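Please look over the fold of this chain. A short report on its sheet, helices and cores is wanted.

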Amino acid sequence: MPSTSPEQLRDILTTVRTIALVGASEKTSRPSHEVMEYLQSQGYRILPVNPRLAGQTVLGETVYADLRSLPEPVDMVDLFLAPERTDAIIDQAIDLKIPVVWLQIGVINHEGEARAEASGLTVVMDRCPKQEIPRLGIARVSGNA
């Protein structure tokens, strides 16, 4: 069962500091770009992931090909992918023991959710942190450069 109560979402968004954003885009009109920029403005460290852009920079951060390429551990993976493309990323998150898997609005994968939760990960599905942070009145996070 995905974590969707206000208390669960607040706990996630106030404890997470570093987020891998999968499906990052260099195009400013794309939702993934807008959300990455917003999360950065809220104090989160965002590591963009997109094999097409690997080695380039988006919003001042180097883009990585996949979760295994990340130079540091992350607290959450935020997926901006079509649902049928999320299984491999969910499985990488399980292997890497990334505590939270967040699937964006419209990204539904119940089988992947069940695998992640069975492995002890927290799953949020069909939500957007850019919407949840102001809705829940979460203050800017600290502890990042």
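The report below describes a predicted model and goes from the sheet to the cores, then to single residues.

## The sheet

Five strands form an open sheet. Their order is 2-1-5-6-7, and the pairing is parallel. Strand 2 (45–49) and strand 7 (122–125) stand at the edges. Each has a single partner strand, so one side of each is left without a neighbour in the sheet. From one strand to the next, the twist averages 20 degrees.

Strand 1 (residues 18–22) and strand 5 (residues 76–79) run parallel and are joined by four bridges. Alanine 20 has valine 77 in strand 5 as its bridge partner. Helix 1 (residues 6–15) packs on the sheet. This helix touches strand 5, strand 6 (100–103) and strand 7. The direction of helix 1 makes about 115 degrees with that of strand 6.

## The nonpolar cores

The largest nonpolar core has 26 residues. Leu39 and Tyr44 touch the most other members. Helix 1, strand 1, helix 2 (31–41), strand 6 and helix 5 (129–136) each give two or more residues to this core. Helix 2 gives the most, with four residues.

Another core, of 23 residues, lies apart from the largest one. Its members include Leu67, Leu81, Val107 and Ala116. In soluble globular proteins, nonpolar side chains tend to be buried together.

## Helix 2 and leucine 39

Which residues of helix 2 are buried? They are Ser32, His33, Val35, Met36, Tyr38 and Leu39. These buried residues pack against strand 1, strand 2, strand 3 (57–58), strand 4 (61–62), strand 5 and helix 5.

Leucine 39 has its own list of contacts. Leaving out residues up to four places away in sequence, leucine 39 touches Ile19, Tyr44, Ile46, Asp78, Pro129 and Ile133. Glycine 43 follows helix 2. The phi of glycine 43 is positive, near 100 degrees.

## Glutamate 7

Is glutamate 7, a residue of helix 1, buried or exposed? Glutamate 7 counts as exposed because its relative accessibility is 55%, and the cut-off for exposed is over 50%.

Glutamate 7 and valine 74 are 67 residues apart along the chain. Their C-alpha atoms are separated by 22 Å.

Conventions: Residues are numbered from 1 along each chain as its sequence is written. This is a predicted model: local features need pLDDT of at least 70, side-chain atom pairs count only at pLDDT 80 or more; totals for chains, interfaces and linings use all residues. Side-chain values use heavy atoms; hydrogens and water are left out. Two strands pair if DSSP finds at least two bridges between them. Axes are lines fitted to C-alpha atoms, for helices over the stretch in contact, and angles run from 0 to 180 degrees between N-to-C directions. Contact means heavy atoms within 4.5 Å. A nonpolar core is a set of buried Ala, Val, Leu, Ile, Met, Phe, Trp, Tyr and Cys residues joined through side-chain atoms within 4.5 Å. Buried means under 20% relative accessible area, exposed over 50%, partly exposed in between (1.4 Å probe, protein chains only).
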